[in-house]
Each structure stands twice: as C-alpha cells, then as structure tokens.
Amino acid sequence: MAFYKKFIPTFYVPKIEDIDYDKLKEQGVKSLFFDLDNTLIAYDIDVLTKDKIALLKKLEADFNIVVISNSRAHRVKPAVLDFKYVCFAKKPLKLGIKKAMRMTSSKRDEVILIGDQIITDIFGANRTKIKSILVKPVKKSSDRKITTFNRGIANRILKGVKKRYPKEYKELIEPYEQ
C-alpha cells in the first residue's frame, strides 16, 4: 500500500451516533473497536456518558464491542465500566488491535475500528488491514499534548493525500477537517 493511502479511512461519519450500524451488520461486520478519548468521550471526562453507555449496550446485541485506547489502565478501566477494553494499545502499532481481534475471535473482514485520529486510529487500522471509520473529535480542545502533536503531523500528511488521492480526500477527509 502506498504511503499516503495508509492514512485514508474506509468511511467518514461526523459522530458515532451517525454510523449506520444496520448496514455494517449487513456487510458482515461482527466486531466494533472504538477508540476511547475524543471518540467516545472527551479527554477531560472520566467515565462514559449515559448516552454512550446506552448506545454501546444496544450495539452489544449485534456486535462484539471493544474499546481500544492508547491510554493506560488507570484511565481506561474506570472509564469504560463493564465493556471489554484494550489499554496501552500503542496504536498505530498492530499489537492492541490484534489483541482485540483475539478477544473477539474476529477475522479482519469482520472488524471495523472507529476513531478520531488519522495517525493512531486510521493508520493503525490500515496497517492491520481492517476497515475504519473516521469521526470528528468529541472535544478537540481537550486533547493532550501528544494528540495535538499527532494532529499536526496528520495535517502535513493529509496535504499529500489531497495531492495524490483528491477523490478520496474530498469524500473522506475534507468533511473531517471542516
């Protein structure tokens, strides 16, 4: 896979509530891997909100749900309550994503990773050869320094994506940047 193509998500949706989960089910997706920080909750929130808990509980009827986070256990465990999780996943490395795949006995074509970052979530999904959904950050102003740094690198990479893959950029990246 060409360098810039590795940073293009399979889908873009503004927020997780806008995802067509019925369509994913029809496509054979069995496992949903959610990033935690700024995908499910802002960095300055300690626990999943009631609406996110309700959504994930509803989705558990049809999907294996795993929260995959680069944060440490002291952040992730209390935040996700009783949901399965992988902490210190080291995305974009494959380790955490593969661990979640083993936890759910999922094959690559049955998994989709949902996240707000190009560098960690989308690149990590593409490196692992699974589908991805890019969403806007819940509250970008709550980003930690490393995330702000990663978003700066992503902005430079996305200029290359725009130049080499203008159609994909317009459909999948441009709405994310607005």
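Biologist: Which residues of S5 are buried on one side, and which on the other?

Modeller: On one side of S5, Val111, Leu113 and Gly115 are buried, and on the other side Ile112 and Ile114 are buried, so that both faces are covered. Buried means under 20% relative accessible area, exposed means over 50%, and partly exposed lies in between (1.4 Å probe, protein chains only). Helices (H or I, at least four residues) and strands (E, at least two) are DSSP runs, numbered from the N terminus.

Biologist: Before we go on, what kind of model is this?

Modeller: This is a predicted model, in which local features need pLDDT of at least 70 and side-chain atom pairs count only at pLDDT 80 or more, while totals for chains, interfaces and linings use all residues. Residues are numbered from 1 along each chain as its sequence is written, and side-chain values use heavy atoms, with hydrogens and water left out.

Biologist: OK, what order do the strands have in the sheet?

Modeller: The sheet is open, has 6 strands with parallel pairing, and follows the order S1-S6-S5-S2-S3-S4; two strands pair if DSSP finds at least two bridges between them. At the edges are S1 (11–12) and S4 (84–86), each of which pairs on one side only.

Biologist: Which strand does S1 pair with?

Modeller: S1 pairs in the parallel sense with S6, residues 131–134, over 2 bridges, and Phe11 has Ile133 in S6 as its bridge partner. Helix H5 (residues 118–128) packs on the sheet, touching S2 (31–35), S5 (111–115) and S6, and the direction of H5 makes about 155° with that of S6. Here contact means heavy atoms within 4.5 Å. The axes are lines fitted to C-alpha atoms, for helices over the stretch in contact, and angles run from 0 to 180 degrees between N-to-C directions.

Biologist: And how many bridges does S5 make with S2 and with S6?

Modeller: S5 is parallel to S2 over 4 bridges, with Leu32 and Ile112 as bridge partners. S5 is also parallel to S6 over 4 bridges, and there Ile114 is partnered with Ile133.

Biologist: What do S5, H5 and S6 make together?

Modeller: They make a right-handed β-α-β unit. A crossover is right-handed if, with the strands pointing away from the viewer, the path from the first strand over the helix to the second runs clockwise.

Biologist: Is H5 itself largely enclosed or open to the outside?

Modeller: H5 is largely enclosed by the rest of the structure, because 10 of its 11 residues are buried. The buried residues include Ile118, Ile122 and Phe123, and those buried residues pack against S2, helix H4 (95–104), S5, S6, H6 and helix H7 (166–177).

Biologist: What about Lys129, buried or exposed?

Modeller: Lys129 is exposed, because its relative accessible area is 62%. This lysine lies in the loop between H5 and S6, and its phi is near 65°, a positive value in a residue other than glycine.

Biologist: Where else is there a positive phi in a residue other than glycine?

Modeller: Leu81 has a phi near 60°, and that leucine is found in the loop between H3 and S4. Leu81 counts as partly exposed because its relative accessibility is 41%.

Biologist: Switching to the other half of the sheet, how many bridges join S2 to S3?

Modeller: S2 and S3 run parallel and are joined by 5 bridges, and the chain crosses from S2 through helix H2 (residues 50–59) to S3 in a right-handed β-α-β crossover. S3 and S4 then pair in the parallel sense over 3 bridges, and the chain crosses from S3 through H3 to S4, again as a right-handed β-α-β crossover.

Biologist: Last topic: what volume does the largest pocket have?

Modeller: The largest pocket has a volume of about 250 Å³, and 17 residues line it, with Asn70, Ser71, Thr120, Arg144 and Ile146 nearest its centre. H5 and helix H6 (145–164) are the elements that give two or more residues to the lining, and H6 gives the most, with 3 residues. On a 1 Å grid over the protein atoms alone, a pocket is an open set of points where a 1.4 Å probe fits, with protein on both sides within 12 Å along at least five of seven lines, and lining residues have an atom within 4 Å of a point. Grid points are joined across faces, edges and corners, and a volume is the space filled by probe spheres set on the points.
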